[in-house]
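Subject: Structure handover

Hello,

Here is the structure we spoke about, with my notes on it. Please look through the model first and then read on.

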Amino acid sequence: MAFKTLDDLTDIAGKRVLVRVDLNVPMSGGKVSDTTRIERVLPTITELSGKGSKVILLAHFGRPKGERVADMSLAPVASAVAALLGKPVAFADDCIGQPAADAVAAMAGGDVLLLENTRYHKGEENNDPDFATALAANGDIYVNDAFSAAHRAHGSTEGIAKLLPAYAGRTMQAELEALGSALGAPVRPVLAVVGGAKVSSKIDLLENLVTRVDMLVIGGGMANTFLAAKGINVGKSLCEHDLAETAKTIMAAADKAGCEIVLPVDAVVAREFKAGAANETVSLDAIPEDAMILDVGAASIDTVRTKIDAARTLVWNGPLGAFEIAPFDKATVAAAQHAAENTKAGKLNSVAGGGDTVAALNHAGATDDFSYVSTAGGAFLEWLEGKDLPGVKALEA
Ligand code: AMP
């Protein structure tokens, strides 16, 4: 897809730039406890401010559902942004109306202002055109740097983009370029690794991926549903037996599309779901009736490594086993480290994200060596499902 970036913005000194950012940061005792999301939006803020524009930040916080809920105010976040930015960040206690207009009128070129929680207004989540118009009244230009909010058609992500010249911020740009390189126009062969607990939460994702990738490794609890659909007795394993038909449909679709599905060939089983539980590796025809599969076995890990070696592009979502409880993190760690090595060696473009995946890759010490790890959660998963993200669509040039 084609979208405009900050490179297309020239002559913006003194212009009012409304920048949608993700400042939905974790708080503890009234203070920001993790600044990752703030750090991600600093490049765009710094660049725009450095070019002399008036940088007006739009963001949501929590789920106040259209009401002014005091502990969902963005006020404490303004000082956290200021501390990391190294310059003052003003705050207006409403994102529209007189408070916003007055605060914007008081700005000089290069200044940064944060407006209060957009979700204090019902018009945000309803994508009410009047609300979007009220937001747009304070800007000349709109920049969206919040990929993680782009799966929602809200006033500050979609409505406003239709009213002002719209651009992707640097973080949005990096995310779109990474995702485009993985599934848009990837270097083939493309491998997807999908794990996690349940098939039921990833049906759309699997259906999309089998039409887009050359190989699909299925691991984690969700693999059990596929194995059971093939007639394998999975004992007491997590398994959605009622989804056997869905699993068969997905396998048939993969077959038709020329996508090779790679299921585990052995399993690590235990009787208890806890760290250090006694365990053994068994072949698939020998899963004990009273045991559950908590990881894929050594032979399966070898297969996954072989597939990673055969791939030039990797898309990863979900752990291959119950990675939070050792030793059932073994396959996830081994596969993540192998992908990281191949990426470092320049042989693989690796893109990962969604839910527990970031935690799993962090646990494996692999995050820094992946080409791109998305922290966007829901938006990343919807992208894997092949859905149009309204906030991204609205940026299309
Ligand atoms: P998801 O959020 O769908 O990606 O699922 C992640 C969760 O799946 C993690 O908490 C893992 O512990 C869990 N998981 C992965 N493999 C298994 C398994 N074989 N049995 C039970 N839970 C698993």
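The notes below cover the ligand site, one arginine and some unusual backbone geometry. Keep in mind that this is a predicted model.

Ligand site

There are 15 residues around the ligand, and those that come nearest are A197, K202, G221, I293 and E324. Two of these residues have polar atoms close enough to list. In the side chain of E324, an N or O atom lies 2.5 Å from an oxygen atom of the ligand. At A197 the partner is a polar backbone atom, 3.0 Å from a ligand oxygen. The side chain of D356 also takes part, with an N or O atom 3.4 Å from an oxygen atom of the ligand. On its own the ligand has 500 Å² of accessible area, and the protein covers 83% of that.

R119

R119 sits in the loop between β6 (112–115) and α4 (122–126). Which side chain of opposite charge is nearest to R119? That is E125, at 4.0 Å, but R119 has no salt bridge although it is buried. The side chain of R119 does reach a backbone oxygen, that of G62, at 3.1 Å. Apart from neighbours within four places in sequence, the contacts of R119 include G62, R63, P64, K65, G66 and E67. E124 and E125 are also among its contacts, as are H60, R152 and H154.

Positive phi

Most residues other than glycine have a negative phi. K65, one of the residues in contact with R119, is not a glycine and has a positive phi of about 55 degrees. K65 belongs to the loop between β4 (54–58) and α2 (75–85). K65 is exposed, with a relative accessible area of 55%. N127, also not a glycine, has a positive phi of about 50 degrees. The place of N127 is the loop between α4 and α5 (129–136).

Cis peptide bonds

Most peptide bonds are trans. Where are the cis bonds listed here? One runs from R188 to P189, with omega near 5 degrees. P189 lies in the loop between α7 (170–184) and β9 (190–194). Another runs from A326 to P327, with omega near 5 degrees. P327 is in the loop between β15 (313–317) and α12 (330–344).

When you open the model, I would start with R119 and its contact to the backbone oxygen of G62, then go to the ligand and E324.

Regards

Notes. Residues are numbered from 1 along each chain as its sequence is written. This is a predicted model: local features need pLDDT of at least 70, side-chain atom pairs count only at pLDDT 80 or more; totals for chains, interfaces and linings use all residues. Side-chain values use heavy atoms; hydrogens and water are left out. Helices (H or I, at least four residues) and strands (E, at least two) are DSSP runs, numbered from the N terminus. Buried means under 20% relative accessible area, exposed over 50%, partly exposed in between (1.4 Å probe, protein chains only). Lys and Arg count as positive and Asp and Glu as negative; His and the chain ends are not counted. A polar contact is a pair of N or O atoms within 3.5 Å; within protein, one must be able to donate a hydrogen and the other to accept it, and residues adjacent in sequence count only if both atoms are side-chain atoms. Contact means heavy atoms within 4.5 Å. A residue is near a molecule or strand if one of its heavy atoms lies within 4 Å of it. Accessible areas come from the Shrake-Rupley method with a 1.4 Å probe; for residues, only the protein chains shown count as cover.
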